[in-house]
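Biologist: I would like a close look at one part of this protein, namely a group of charged side chains that hold on to each other. Please start there and then work outward to the rest of the model.

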Amino acid sequence: MVQCPDRIIASIDTGVDDALALAYLLGSTDECELGGVIASYGNVDANTAYANTCAVLDLFGRADIPVFLGSEHPSWADAFIPDAGCAQFHGDDGLGNTRLAGSGALADGAGVPGDDMSGDDMSVDVPDEVVSVGGYLAGDVHAHPALGACSRVNRSQSVDHPQSAMPTALASGGKRRCSVDAADGIEYLIEQVREFGRDVTVLATGPLTDVDAAITRAPDIASKLRLVMMGGTLTQPGNCWDAVAETNIIQDPEAANRVFHSGADITMVGLDVTHQCLLPQSAADRWRATGTKRGRFLADLADFSIKANLEADPALFSGGMPLHDPLAAAVALDSSLVDCFDLALRAETNTGDFNGVRGRTTGDPVGLVNHSMPHVHVALGVDSGRFLDEFVERMAEVCR
């Protein structure tokens, strides 16, 4: 009997490693069918994520895959501003300053760590709105917007044709099957889970706001939902200011906590395993040697990220860039790549005495006495050698 490829729906905030994960999925057509992509805020604003997603799909000849706009801000805020930390690791355009999708949402020169919220960029009129700056409340000491980002505060709006997100295929007269007549990624996610159940895997490589919004809107899908998510950390330090929280979780801890308790079948691919999967410079050199536009693009992404991570932590990343999102994509296709520990999980939503640290992912102590609580498969071990060999080889093939 011929086995049908897995169906994947991706919710992504298309930055460097998201783009690598997309390319990996596009090179895995024998194993998966990428049914659609929901582009949301996180590494960049949602419109830039949309533009980046379309540009990557177009580059790899897959303008047929529909792209939807997802959440533009976390569930706890009214608006979102990309932060300088993400710009540092993803570039001011989200794609390592390759400009694949044009200039991107941020002004040239964005991504200087430590930039404050003063100056002309904060002239946006949002006096009564709660604004998230990369997961931190505007005005928090840790809220550092990327340069140029504040003039593009994202809030709920009609987005049938995002002005900054004209897909390359459309601009060049191509035929992209986009979400212009159904520009609601949340509804698309709901429809896909209702139709396919656990025969479709939702791959989330950004904040869990999209998934939470879908479950909130349609609670009936929770028991049918199979989710593989990149985010969180259980046994290792986080990568946020507090060295406790992980970036995707700090963006929307409330959403993550609700998803963890929803009853969905969840696999968490966090820093516990992604920091064991480092892409070496030799891989980027191999892709560049193909001499193709695709190969140069993938190599440029890797070069940018390898350099950024090495500068940030020479001890941890001397071996290369951590393949956060590509590992999650690989696990969505082959769960045997990781060893998981199942436990009731929660995301802390407050910081303070007897509350913990906002954004931390930890065991939910109620699960110790209430064994019927939903459990999450937390990846703690990974066959990094097998994954890296397969990833590098498959990406070399997709470069051609």
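Which residues are linked with Glu390 in a network of salt bridges?

Modeller: The network joins Glu390 with Glu31 and Arg394. Keep in mind throughout that this is a predicted model. Within the network, Arg394 and Glu31 form a salt bridge whose closest N and O atoms are 2.7 Å apart. Arg394 sits in helix H13 (residues 384-399), while Glu31 sits in the loop between helix H1 (16-26) and strand E2 (32-39), so this pair ties together parts that are 363 residues apart in sequence. The two partners also differ in how much of them can be reached from outside. Arg394 has a relative accessible area of 11%, and it is therefore buried, since the cut-off is under 20%. Glu31 has a relative accessible area of 31% and is partly exposed.

The structure holds 18 salt bridges, and two others are useful to set beside this one. Arg99 pairs with Asp92, and here the closest N and O atoms are 2.7 Å apart. Asp92 is buried, at 3% relative accessibility, whereas Arg99 is partly exposed, with a relative accessible area of 29%. The other example is the salt bridge between Asp303 and Arg288, with the closest N and O atoms 2.5 Å apart. Asp303 belongs to helix H11 (residues 293-312) and Arg288 to helix H10 (residues 281-288), so the pair ties together parts that are 15 residues apart in sequence. Both ends of this bridge are partly exposed: Asp303 has 24% relative accessibility, and Arg288 has a relative accessible area of 31%.

Two of the helices met so far, H1 and H11, lead on to the pockets, as each supplies at least two residues of the lining of the largest pocket. The volume of the largest pocket is about 960 Å³. Its lining is made of 40 residues, and those closest to the centre are Gly85, Phe89, Asn239, Cys240 and Thr247. Other elements that each give at least two residues to the lining are helix H3 (84-90), helix H7 (247-251), strand E11 (321-322) and helix H12 (324-333). The most comes from H3, which gives six residues. Sorted by class, the lining has 17 nonpolar, 17 polar and six charged residues.

Next, consider helix H8 (residues 253-260). Six of its eight residues are buried, so H8 is largely enclosed by the rest of the structure. The buried residues are Pro253, Glu254, Ala255, Ala256, Val259 and Phe260.

The loops hold some further points. Most residues other than glycine have a negative phi. Ala243 is not a glycine, but it has a positive phi of about 60 degrees. Ala243 lies in the loop between strand E8 (226-230) and H7, and with a relative accessible area of 40% it is partly exposed. Phe354 also has a positive phi, of about 65 degrees, and is not a glycine either. Phe354 is found in the loop between strand E13 (345-347) and E14. At 89% relative accessibility Phe354 is exposed, because the cut-off for that word is over 50%.

On the other side of E14, the loop between strand E14 (361-363) and strand E15 (376-382) contains Val369. Val369 is exposed, at 73% relative accessibility. Together with Val366 and Leu368, Val369 forms a nonpolar patch on the surface, and the accessible area of the three together is about 340 Å². Asn370 is in the loop between E14 and E15 as well, but Asn370 is partly exposed, at 32% relative accessibility. From C-alpha to C-alpha, Asn370 is 9.5 Å from Ala344 in space, while the two are 26 residues apart in sequence.

To return to your starting point, Glu31, Glu390 and Arg394 are linked in a network of salt bridges, and it includes a buried residue, Arg394, and a partly exposed one, Glu31.

Notes: Residues numbered from 1 in each chain as written. Predicted model: local features only at pLDDT ≥ 70, side-chain atom pairs only at ≥ 80, totals over all residues. Heavy atoms only, no water. Salt bridge = Lys/Arg side-chain N within 4 Å of Asp/Glu carboxyl O. Helix = DSSP H or I, 4+ residues; strand = E, 2+ residues; numbered from the N terminus. Buried < 20%, exposed > 50% of the residue type's maximum accessible area, 1.4 Å probe, protein only. Patch = residues over 30% accessible without salt bridge, like charges linked within 9 Å, V, L, I, M, F, W, Y side chains within 5 Å. Areas by Shrake-Rupley, 256 points an atom, 1.4 Å probe, with all protein chains shown as cover. 1 Å grid on protein atoms, 1.4 Å probe; cavity = no way out; pocket = protein on both sides within 12 Å on 5 of 7 lines; lining within 4 Å. Points joined across faces, edges and corners; volume = space filled by probe spheres on them. Nonpolar A, V, L, I, M, F, W, Y, C, P; charged D, E, K, R; others polar.
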